[in-house]
Amino acid sequence: MKIKSKIKSILSAALAASMLMTLMPTVTFASQASDYVDPADIWLKANGRTNELDLNATTTYETSYCTVCQRDTLGITYRVPEYTKSGETAANRGIRYSDGTLISGNGTGNLDDGTPGIDAYYTGYQWSATRS
């Protein structure tokens with residue numbers, strides 16, 4: 001009888017301890033880190049502009065008005081950190097996309113690009129291309 005009583009006591013103590021552990025507050029973390037991360041630290045080198053756009057981009061889903069279908073459409077916008085040798089953004093030179101396409105859509109301009117952390121300066125998130 002004493003053995004069954006001791007087993008019941010130990011089992012009830014273990015259950016009570018496990019119940020108390022579930023009542024303890026858990027550690028939670030914010031959903032967004034507050035530390036600044038320099039894009040040059042996580043820049044991934046690529047041979048082509050398409051790989052660079054896909055790997056280094058910050059993607060957002062945005063709604064914009066489509067002049068072709070005459071309604072609001074949802075599109076994915078890719079923004080890639082821009083690095084230039086002169087430190088001047090491509091937008092100031094009339095360039096809109098990472099392939100050098102001008103804002104007017106006619107022709108290409110000088111990208112003034114370089115390698116992050118070696119011969120190029122971070123100018124911000126400039127490159128964008130929207131896919132519907």
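Visitor: Why does Y83 count as buried?
Guide: This is a predicted model, and every value given here is computed from it. Y83 has a relative accessibility of 7%. The limit for a buried residue is under 20%, so Y83 is called buried.

Visitor: What makes Y83 and Y122 a tilted pair?
Guide: The ring centres of Y83 and Y122 lie 5.6 Å apart, and the ring planes meet at 50 degrees. Centres within 6.5 Å make a pair; planes under 30 degrees apart would be stacked and those over 60 edge-to-face. An angle of 50 degrees falls under neither heading, so the pair is tilted. The structure holds one aromatic pair.

Visitor: Which parts of the chain does the aromatic pair link?
Guide: Y83 belongs to strand β2 and Y122 to strand β3, and the two residues are 39 apart in the chain.

Visitor: Why is Y122 called partly exposed?
Guide: Its relative accessible area is 32%. Buried requires under 20% and exposed over 50%, so Y122 is placed in between, as partly exposed.

Visitor: What does T123 in strand β3 touch?
Guide: When residues up to four places away in sequence are not counted, T123 touches E82, Y83, T84, G87, E88 and T89. T123 and S86 are 37 residues apart in sequence, with 9.6 Å between their C-alpha atoms.

Visitor: How do you know that β1 and β2 are paired strands?
Guide: Nine bridges join β1, residues 58-66, to β2, residues 71-84. Pairing requires at least two bridges, so the two strands are paired, and they run antiparallel. Within this pairing, C66 stands opposite R71, and T60 stands opposite T77.

Visitor: How many residues lie between β1 and β2 in the hairpin?
Guide: Four residues lie between the two strands of the hairpin, and Q70 is in the turn.

Visitor: What makes the phi of Q70 notable?
Guide: Q70 has a positive phi near 60 degrees and is a residue other than glycine. Most residues other than glycine have a negative phi. Q70 is found in the loop between β1 and β2.

Visitor: Where is D112, and what is its phi?
Guide: D112 is found in the loop between β2 and β3. D112 is not a glycine, yet its phi is positive, at about 55 degrees.

Visitor: Is D112 buried or exposed?
Guide: The relative accessible area of D112 is 17%. That value is under 20%, so D112 is buried.

Visitor: What makes T101 a buried residue, and what does T101 contact?
Guide: T101, also placed in the loop between β2 and β3, has a relative accessible area of 17%. The limit is under 20%, so T101 is buried. Leaving aside neighbours within four places in sequence, T101 is in contact with I95, R96, G107 and T108.

Visitor: Why is the pair D119 and K85 called a salt bridge?
Guide: The closest N and O atoms of D119 and K85 are 4.0 Å apart. The cut-off is within 4 Å, so the pair is called a salt bridge. D119 and K85 both lie in the loop between β2 and β3, so the bridge ties together parts that are 34 residues apart in sequence. The structure holds one salt bridge.

Visitor: Are D119 and K85 buried, exposed or partly exposed?
Guide: D119 has a relative accessibility of 32%, and K85 has 42%. Partly exposed covers the range between under 20% and over 50%, so D119 counts as partly exposed, and so does K85.

Visitor: How do the two helices and three strands of the chain follow one another?
Guide: From the N terminus on, the order is α-α-β-β-β.

Visitor: What makes the span of α1 close to the expected one?
Guide: Helix α1, residues 2-23, has 22 residues and reaches 32 Å from its first C-alpha to its last. The expected value at 1.5 Å a residue is 32 Å.

Visitor: Why is α1 described as hardly covered?
Guide: Among the 22 residues of α1, the count of buried residues is zero.

Visitor: What share of the chain is buried, and how much surface is exposed?
Guide: Buried residues make up 21% of the 132 residues. The chain exposes about 10,100 Å², of which carbon and sulfur atoms supply 57%.

How values were computed
Residues numbered from 1 in each chain as written. Predicted model: local features only at pLDDT ≥ 70, side-chain atom pairs only at ≥ 80, totals over all residues. Heavy atoms only, no water. Buried < 20%, exposed > 50% of the residue type's maximum accessible area, 1.4 Å probe, protein only. Areas by Shrake-Rupley, 256 points an atom, 1.4 Å probe, with all protein chains shown as cover. Salt bridge = Lys/Arg side-chain N within 4 Å of Asp/Glu carboxyl O. Expected span 1.5 Å × (residues − 1). Contact = heavy atoms within 4.5 Å. Phe/Tyr/Trp six-rings, centres within 6.5 Å; stacked < 30°, edge-to-face > 60°.
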